[in-house]
Amino acid sequence: MDSIRLEECVNVQEKNQNRKSNNDALEHSYSQDSNCSFNSCTSRCAHSEEESEVSVNGNDPLLFAERCSAQEIDHFLSLGPCQPENGFIFPKESERSCSCTWFLKNLPDKSREKREWLTYSKTKNKLYCLLCSLFGTPQCHDLWSRNGFQDWKNGARDIQAHEISKEHRDSELCKLQWRQNTRIDISLTLQKSARIVENRSVMNVMIDCVLYLASEMMALRGHDAKDGKFYNLFRMLAKYSVSASNYLTTLSNRQFKPDPQFFKSS
């Protein structure tokens, strides 16, 4: 009986030792797996940090991704557009090149305003719209948001045409919403109210012109749409009204349609 009990005790001790060794092996393998997973996670985080640093380095439009993160959008907006100074020599394409004067907008009162949306890529030698690249809708033209503009022959004309386009105005509205973090319905209402105030200011100048010419019994219209005492008087008074000056700028960017010929010779 004693020998049987002794054998049972030995078997129990061997089983306990085996369990202990198995537990040590499991703990060792778990620690290795944890270290490996921690190291891989650390390397991925470091790699992602390096990629984010590269993606927000500089304000060249070539760095704009298809979908920028919120941090990248704030970064590009804080840097502003890439506009070389007057001493910069633009590369030529077909004997033509970009001009520094395109970054400034000429107003009717002979003053100049900087185009904060127009940006230049030194790597691609192309012009881009900063707002359409960051906030452009699906209807936005890829020429100014992704592909880049390089038609230097018609640069001044196409820049003015894009500046008054609906797609560009929508991008400006998106930028305003991004900066103020406001509701879209409230921002649209405020924009509509501002447009009404501006239109009323333009109408007040027009009414003053009509009242003066009527009191002097003068004709309002000339031989064409850009001639006549009314147009010349309105253009003179626009020097003292910002709304009227902006209205003349919008008219100058549009193509004047020919007058309808009511009396055609048969």
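Which residues is tryptophan 144 in contact with, leaving aside its neighbours within four places in sequence? In this predicted model, the contacts of tryptophan 144 comprise Trp117, Leu118, Leu127, Tyr128, Cys129, Ser133, Phe149, Asp158, Ile159 and His162. Trp144 also belongs to the largest nonpolar core, a set of 17 residues, where it is listed with Cys98, Leu118 and Leu127 as having the most contacts inside the core. The elements that contribute two or more residues to this core are β3 (118-121), β4 (126-129) and α3 (130-135). A second, separate core is made up of 12 residues, including Tyr231, Leu233, Phe234 and Ala244.

With regard to the chain as a whole, 9 helices and 4 strands are assigned, and their order along the sequence follows the pattern α-α-β-β-β-β-α-α-α-α-α-α-α. Of the 266 residues in the chain, 27% are buried. The accessible surface comes to about 19400 Å², and carbon and sulfur atoms account for 53% of that area. Among the contacts with a separation of 6 or more, 51% are made between residues 24 or more positions apart.

The strands β3 and β4 are paired in the antiparallel sense, with 4 bridges between them. Within this pairing, leucine 118 has cysteine 129 of β4 as its bridge partner, and threonine 119 stands opposite tyrosine 128, likewise in β4. The residues of β3 alternate in direction, in that Leu118 and Tyr120 point one way from the strand while Thr119 and Ser121 point the other way, and all of them are buried. The hairpin formed by β3 and β4 has 4 residues between the strands, and asparagine 125 is found in this loop. Asparagine 125 is not a glycine, yet its phi is positive, at about 55 degrees. The relative accessible area of asparagine 125 is 6%, so this residue counts as buried.

A positive phi also occurs at lysine 110, where the value is near 70 degrees. Lysine 110 is found in the loop between β1 (104-106) and β2 (112-114), and with a relative accessible area of 80% it is exposed. As background to both cases, most residues other than glycine have a negative phi. The two loop residues therefore differ in their surroundings, since asparagine 125 is buried, whereas lysine 110 is exposed.

Towards the end of the chain, helix α8 (residues 229-237) has Tyr231, Leu233 and Phe234 as its buried residues. When α8 is viewed down its axis, these buried residues fall within an arc of 165 degrees, and they therefore line one face of the helix. In general, an α-helix has 3.6 residues a turn, so residues three or four places apart point the same way. Tyr231, Leu233 and Phe234 are also included in the second core of 12 residues, together with Ala244.

The loop between α8 and α9 contains lysine 239, which is exposed, with a relative accessible area of 55%. Lysine 239 and aspartate 109 are separated by 130 residues in sequence, but their C-alpha atoms are 5.4 Å apart in space. Aspartate 109 appears again in the surroundings of serine 245, a residue that, leaving aside its neighbours within four places in sequence, is in contact with Pro108, Asp109 and Ala238. Serine 245 has its place in helix α9 (residues 242-253), and its relative accessible area of 6% makes it buried.

The cysteines were examined for disulfides, and the count comes to 0 when a pair of sulfur atoms within 2.5 Å is required. For cysteine 174, the nearest cysteine sulfur is that of cysteine 132, at 9.5 Å, and cysteine 174 is in no disulfide. This distance is over the cut-off of 2.5 Å, which is why the pair is not counted. Cysteine 174 is partly exposed, its relative accessible area being 25%, whereas cysteine 209 is buried, with a relative accessibility of 0%.

Technical notes
Residues numbered from 1 in each chain as written. Predicted model: local features only at pLDDT ≥ 70, side-chain atom pairs only at ≥ 80, totals over all residues. Heavy atoms only, no water. Buried < 20%, exposed > 50% of the residue type's maximum accessible area, 1.4 Å probe, protein only. Arc of directions from axis to C-beta. Core = buried A, V, L, I, M, F, W, Y, C linked by side-chain atoms within 4.5 Å. Contact = heavy atoms within 4.5 Å. Areas by Shrake-Rupley, 256 points an atom, 1.4 Å probe, with all protein chains shown as cover. Pairing = 2+ DSSP bridges.
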